[in-house]
Amino acid sequence: MTETQSEVRKGLAGVVADYTAVSKVNPETNSLLYRGYPVQELAANCSFEQVALLLWNGELPTEAELAEFTTRERAHRALTPELKAIIDALPTTCHPMDVCRTAASVLGAQDPEAEDSSAEANLRKAQKLFAAMPAVVCYDQRRRRGQEPVAPREDLGYSANFLWMAFGEEADPAVVEAFNTSMILYAEHSFNASTFTARVVTSTLSDLHSAVTAAIGALKGPLHGGANEAVMETFVELGIRTEESAAEAEARAKAWMDEALAAKKKVMGFGHRVYKHGDSRVPTMKAALDAMIAHYGRPELLGLYHGLEKSMDEAKGIKPNLDYPAGPTYWLMGFDIPTFTPLFVAARITGWTAHIMEQVAANSLIRPLSEYNGPDERHLPGARAAQ
Ligand SMILES: CC(=O)SCCNC(=O)CCNC(=O)[C@H](O)C(C)(C)COP(=O)(O)OP(=O)(O)OC[C@H]1O[C@@H](n2cnc3c(N)ncnc32)[C@H](O)[C@@H]1OP(=O)(O)O
Ligand SMILES: O=C([O-])CC(=O)C(=O)O
């Protein structure tokens, strides 16, 4: 760094960009608080609907507030014929995240309050997006499978209805519980790349749906939300073999990992920008995965899971992140691998929109500086230098 250069923090690593009261990630104590509550406590005791209201409003809802929200949320679950037609027009060769991104944009274009960024209108729009996104994800997965769509049910809670719309049958309570846990764990994580994207868009005084649409684009990448799909691709590449022992599976996973690391590959589902000693959400999500392994009777997954985890730890000391246990959990539930990141979208709509409202309430245009490192000033042949 010369005297005239400023310090450049690539990837804004370690930069504190603003205040937030939505959540606190503490890598030292390996904790994650949503509005002050440990996420593990919320996952063990709350529905995703309660956590969504906590993130938006700052407090857990009273029974009456929850009942009022539940009625409204259930009334907004169905997709309009226009949105279904737009989804149908998209090729099934596109990634389901492209469908989510398009749907978020269309839902904005259809919303009469799209241009109203008052706190009240933003909350209403956030809640409508929250209600509709599960139907988008399920409608798209079913059309790709050549199945008829399944209409939402107003007698089911968010997670039970999500699984109903995806598979057309009522899910076992154990599966609903694991899904609810995953939604809560995926809901919010301070200034991650997609949330920061949403805040950047909001800081220009653009609208909520534009910010969410941009955030979906940021989440799609494999260094962020796309990692839950990539994790499962690794398991599939390794081959899930019912006949082998856990020790044999671990040995195969170790050999695969050694080769991947020798080839300097990034192995998705490991590492984190903030947590360097393990992701606070992994133990809770791993317990949900264990419950699903027991529920579906698929212990052969564990050998691979532990083999990859151990060998990455031994070789580089890098720990799994939330996407590592979440990927195989969604696979066991029966979701198609490309649907995994859209499930993350459905959960993170809560965190994104809570941050959007926080940004609006205390806005400052987000516009960092850059250090120029291109050619020195030069001139077109024959052009006169600027006066
Ligand atoms: C819910 C979420 O979004 S969680 C994140 C999901 N993303 C992933 O799982 C993708 C895989 N992981 C990664 O790419 C990274 O760990 C990131 C992007 C998440 C965080 O990265 P950063 O903090 O920027 O760390 P960075 O990428 O610089 O890695 C530091 C070192 O660890 C290595 N490393 C980090 N993660 C991994 C990994 N998953 N596989 C192999 N090596 C890794 C890097 O190669 C680098 O090694 P080097 O110093 O020898 O060059
Ligand atoms: O915080 C991050 O950088 C990524 C992450 O774990 C998340 O968004 O949940």
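This is a short walk through a predicted model, one selection at a time.

**Stop 1: the sheet**

Start by selecting residues 23–26, 31–34 and 37–38, which are the strands β1, β2 and β3. Together they make an open sheet of three strands, in the order β1-β2-β3, with antiparallel pairing. Look at the edges: β1 and β3 each have a single partner strand, so one side of each is left without a neighbour in the sheet.

Now check how the strands are held together. β1 and β2 pair in the antiparallel sense over four bridges, while two bridges join β2 to β3, which also run antiparallel. Which residue of β2 is the bridge partner of K24? Click on L33 and you have found that partner. Stay on L33 for a moment, since this residue also stands opposite P38 in β3.

**Stop 2: the two faces of β2**

Show the side chains of β2. They alternate along the strand: L32 and Y34 point to one face and are buried, whereas S31 and L33 point to the other face and are not buried.

**Stop 3: the turns**

Next, follow the chain around the hairpins. The hairpin of β1 and β2 has four residues between the strands, and in this hairpin N30 takes a positive phi near 55 degrees. In the hairpin of β2 and β3, there are two residues between the strands, and R35 has a positive phi near 50 degrees. What makes that worth a click? Most residues other than glycine have a negative phi.

For another case, go back along the chain to L12, in the segment before β1. L12 isn't a glycine, yet its phi is positive, at about 55 degrees. Is L12 buried or partly exposed? Its relative accessible area is 41%, so it counts as partly exposed.

**Stop 4: helix α2**

Select residues 48–57 to bring up helix α2. How many of its ten residues are buried? Eight are, so the helix is largely enclosed by the rest of the structure. If you'd like to pick them out, the buried ones are F48, E49, V51, A52, L53, L54, L55 and W56. Step just past the end of α2 and you'll meet G58, with a positive phi of about 90 degrees.

**Stop 5: a positive patch**

Jump ahead and select K264, K266, R273, K276 and K316, which form a positive surface patch. Two of its members are worth a visit. K264 lies in the loop between α12 and α13, and K266 is in the loop between α12 (246–262) and α13 (282–296) too. K264 has a relative accessibility of 75%, so it counts as exposed. K266 is exposed as well, with a relative accessible area of 66%. There's something extra about K264: its phi is positive, about 60 degrees, although it is not a glycine.

**Stop 6: L302 and A247**

Finish in helix α14, residues 300–316, where you'll find L302. With a relative accessible area of 22%, L302 is partly exposed; the cut-off for buried is under 20%. Now add A247 to your selection and set up a distance between the two C-alpha atoms. How far apart are L302 and A247 in space? They are 9.9 Å apart, C-alpha to C-alpha, with their positions 55 residues apart in sequence.

Conventions
Residues are numbered from 1 along each chain as its sequence is written. Chains are lettered from A and ligands numbered from 1 in the order in which they are written. This is a predicted model: local features need pLDDT of at least 70, side-chain atom pairs count only at pLDDT 80 or more; totals for chains, interfaces and linings use all residues. Side-chain values use heavy atoms; hydrogens and water are left out. Two strands pair if DSSP finds at least two bridges between them. Patches are made of residues with over 30% relative accessible area and no salt bridge: like charges are joined within 9 Å, nonpolar side chains (Val, Leu, Ile, Met, Phe, Trp, Tyr) within 5 Å. Accessible areas come from the Shrake-Rupley method with a 1.4 Å probe; for residues, only the protein chains shown count as cover. A salt bridge is a side-chain nitrogen of Lys or Arg within 4 Å of a carboxyl oxygen of Asp or Glu. Lys and Arg count as positive and Asp and Glu as negative; His and the chain ends are not counted. The place of a charge is taken as NZ of Lys, CZ of Arg, CG of Asp or CD of Glu. Buried means under 20% relative accessible area, exposed over 50%, partly exposed in between (1.4 Å probe, protein chains only).
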